[in-house]
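Biologist: Hi! I'm new to this one, could you walk me through it?
Modeller: Happy to, let's put it on the screen.

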Amino acid sequence: MAKMSNEELLDVFKEMTLLELSEFVKQFEETFDVSAAAPAAVAAAPAAGAAVEEEEEQDEFDVMLDDPGEEKIKVIKAVREIVSGLGLKEAKEMVENAPKPVVEKVDKERANEVKGKLEESGAKITLK
């Protein structure tokens with residue numbers, strides 16, 4: 001059998017459908033008793049680095065309340081402090097229906113301030 005170059009192999013793979021390629025990978029793994037998961041993780045690493053750079057350039061954040069924690073009353077009070085004009089009922093509903101955005105499209109400084117207040121009250125927060 002004639003040996004194919006990497007370019008020729010790539011051309012063959014480009015013509016395959018995703019289903020055909022997936023079946024090929026499974027057969028390759030079984031034949032050579034290897035796993036394609038490790039190379040996929042290495043290939044994903046540069047993509048993760050690019051995502052980090054994107055986050056650094058991000059200028060608008062959403063502060064998401066993921067979990068109010070054990071002391072919901074403190075979190076409700078903190079939410080009312082943060083979101084002006086929010087009544088007790090609305091704040092309680094927001095906390096009880098987590099995950100919910102507390103504030104949306106705020107600058108990094110404000111997002112970190114809100115995150116700090118909520119985490120101080122015992123809530124689990126993420127910035128998006």
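Biologist: Let's start with the rings. How many aromatic pairs does a search of the whole structure find?
Modeller: It finds 3 aromatic pairs. Keep in mind as we go that this is a predicted model.

Biologist: Okay, how is the pair of Phe13 and Phe24 arranged?
Modeller: That pair is tilted, with the ring centres 5.2 Å apart and 50° between the planes. Phe13 belongs to helix 1 (residues 6–15) and Phe24 to helix 2, so the pair ties together parts that are 11 residues apart in sequence.

Biologist: Is Phe13 buried or exposed?
Modeller: Neither, really: Phe13 counts as partly exposed, at 26% relative accessibility. Phe24 is partly exposed too, with a relative accessible area of 33%.

Biologist: And what about Phe28 and Phe32, how do they pair?
Modeller: They form a tilted pair, 4.8 Å centre to centre and with 50° between the planes. Both sit in helix 2, and because they are 4 residues apart there, about one helical turn separates them. An α-helix has 3.6 residues a turn, so residues three or four places apart point the same way.

Biologist: Nice. How open are those two?
Modeller: Phe28 is partly exposed at 39% relative accessibility. Phe32 is exposed, its relative accessible area being 52%, and the cut-off for exposed is over 50%.

Biologist: Which residues make up the aromatic cluster?
Modeller: Phe13, Phe24, Phe28 and Phe32 form one cluster.

Biologist: You keep mentioning helix 2. How far does it reach?
Modeller: Helix 2 covers residues 18–32, 15 residues in all, and spans 21 Å from its first C-alpha to its last. That is close to the 21 Å expected at 1.5 Å a residue.

Biologist: What happens just after helix 2?
Modeller: There you meet Asp33, which takes a positive phi of about 50°.

Biologist: Changing topic: which residues touch the most other members in the largest nonpolar core?
Modeller: Val79, Val102, Val103 and Leu118 do, out of the 21 residues in that core. At least two core residues come from each of strand 1 (61–67), helix 4 (72–82), helix 5 (88–96), strand 2 (100–106) and helix 6 (108–120).

Biologist: Which of them gives the largest share?
Modeller: Helix 4, with 5 residues of the core.

Biologist: Back to Val79, then. What is Val79 in contact with, leaving aside its neighbours within four places in sequence?
Modeller: Val79 is in contact with Leu86, Ala91, Met94, Val95 and Leu118 once those neighbours are set aside. Leu118 is also one of the residues I listed as touching the most other core members.

Note on methods
Residues numbered from 1 in each chain as written. Predicted model: local features only at pLDDT ≥ 70, side-chain atom pairs only at ≥ 80, totals over all residues. Heavy atoms only, no water. Core = buried A, V, L, I, M, F, W, Y, C linked by side-chain atoms within 4.5 Å. Buried < 20%, exposed > 50% of the residue type's maximum accessible area, 1.4 Å probe, protein only. Contact = heavy atoms within 4.5 Å. Expected span 1.5 Å × (residues − 1). Phe/Tyr/Trp six-rings, centres within 6.5 Å; stacked < 30°, edge-to-face > 60°.
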